[in-house]
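Subject: Structure for your reading, with notes

Dear colleague,

Please find below the structure that I am passing on to you. My notes follow it, and I would suggest reading them with the structure open beside the text.

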Amino acid sequence: MSHFTVSPSKSAAYFLFKCDRNLQWQMTNSSSLLSEQIPKFGQPSEESKLMTALTSGGFKWERELINHVLRGKLVSVNGFIPEPKGKAFDVQETLTALRSIQEDEWIFQSTFAVPQSFYDQYNIDRTVVSFSDCYPDLITKTTDGKLRIVDAKASARVQTKHKIQVAMYALMLE
């Protein structure tokens, strides 16, 4: 097991907070010796009202997106299409969906594991840093046959952290 586990969303959050300590805290595995250096906090009894409002707004936007904007354009695997705040496609279902996707179709809530080729290409030692499974919101196929990743955000503008997250997904899917 590696000392640190990172994800595109954790990496992107670094660009929001610009705090090395927060990134280390987010990435450190509880089984790592380094975790002993990080203060332990009790679990909050309930999610804050702000976080509840933010996440429910995001799920509401995703429902609007799949029920109206992308209606009839979502890829299913064995009759299954993921729902917001529900079960996502697993890695195998995502691979099946990627093999069958046609132009102007969309895969919602996919899951993919970061391939060894990504670690090799960027000379990342998996015993030090590993990536958790990734969950891009939407993947579509363009007219020239390339895959495009879209992350559905309920914010008024695109932020740097959004761009970083999608760029990391794209690099990992290459």
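**Three loop residues**

Q109 is buried, with a relative accessible area of 12%. Please keep in mind throughout that this is a predicted model. Q109 is located in the loop between strand 2 and helix 5. Its phi is near 60°, which is a positive value in a residue other than glycine.

D104 also deserves attention. D104 has a positive phi of about 70° and is not a glycine. This residue sits in the loop between helix 4 and strand 2. Is D104 buried or partly exposed? With a relative accessible area of 41%, D104 is partly exposed, whereas Q109 is buried.

The loop between strand 1 and helix 1 holds S7. S7 is buried, at a relative accessible area of 8%. The side chain of S7 is joined to that of S9 by a polar contact of 3.2 Å.

**The chain as a whole**

The chain contains 6 helices and 5 strands. Read from the N terminus, their order is β-α-α-α-α-β-α-β-β-β-α. The chain has 174 residues, of which 33% count as buried. Considering contacts between residues at least 6 apart in sequence, 57% join residues at least 24 apart.

**Helix 6**

Helix 6 covers residues 160-173, a total of 14 residues. From its first C-alpha to its last it reaches 20 Å, close to the 20 Å expected at 1.5 Å a residue. Which residues of helix 6 are buried? They are H162, Q165, M168, Y169 and M172. These residues lie on the same side of helix 6, because they cover an arc of only 130° around the axis. A general point helps here: an α-helix has 3.6 residues a turn, so residues three or four places apart point the same way.

The buried residues of helix 6 pack against four elements: helix 1 (8-17), helix 5 (116-121), strand 3 (129-131) and strand 5 (147-150). One residue of helix 1 to look at is S11. S11 counts as buried, at 13% relative accessibility. Not counting residues up to four places away in sequence, S11 touches V6 and M168. M168 is itself one of the buried residues of helix 6.

**The nonpolar cores**

In soluble globular proteins, nonpolar side chains tend to be buried together. In this model, the largest nonpolar core has 21 residues. Within it, I107, V114, F131, C134 and M172 have the most contacts. Strand 1 (4-6), helix 4 (91-100), helix 5 and helix 6 each supply at least two residues of this core. Which element gives the largest share? Helix 6 does, with 3 residues.

V114 shows how residues from distant places in the sequence can come together. Leaving aside neighbours within four places in sequence, V114 is in contact with Y119, R126, F131, S132, C134 and M172. Apart from the largest core lies another core, of 8 residues, including I66, W106, F108 and L138.

**Strands 2, 4 and 5**

Two residues of that other core, F108 and L138, reappear in the pairing of the strands. Strand 2 (residues 106-108) and strand 4 (residues 138-141) run antiparallel and are joined by 3 bridges. Which residue of strand 4 is the bridge partner of F108? The partner is L138. Strand 4 also pairs with strand 5 in the antiparallel sense, over 4 bridges. There, L138 has V150 of strand 5 as its bridge partner. L138 thus has a bridge partner in strand 2, F108, and one in strand 5, V150.

Strand 4 and strand 5 form a hairpin with 5 residues between the strands. In this hairpin, G145 takes a positive phi near 85°.

**A polar contact of helix 5**

Finally, please look at Q116, which lies in helix 5. Q116 counts as partly exposed, at 38% relative accessibility. The side chains of Q116 and R126 are joined by a polar contact of 2.7 Å. These two residues are 10 residues apart along the chain, and 9.1 Å separates their C-alpha atoms. R126 is also among the residues in contact with V114.

With kind regards

Technical notes: Residues are numbered from 1 along each chain as its sequence is written. This is a predicted model: local features need pLDDT of at least 70, side-chain atom pairs count only at pLDDT 80 or more; totals for chains, interfaces and linings use all residues. Side-chain values use heavy atoms; hydrogens and water are left out. The expected span of a helix is 1.5 Å times one less than its number of residues. Buried means under 20% relative accessible area, exposed over 50%, partly exposed in between (1.4 Å probe, protein chains only). The arc is that of the directions from the helix axis to the C-beta atoms. Contact means heavy atoms within 4.5 Å. Two strands pair if DSSP finds at least two bridges between them. A nonpolar core is a set of buried Ala, Val, Leu, Ile, Met, Phe, Trp, Tyr and Cys residues joined through side-chain atoms within 4.5 Å. A polar contact is a pair of N or O atoms within 3.5 Å; within protein, one must be able to donate a hydrogen and the other to accept it, and residues adjacent in sequence count only if both atoms are side-chain atoms.
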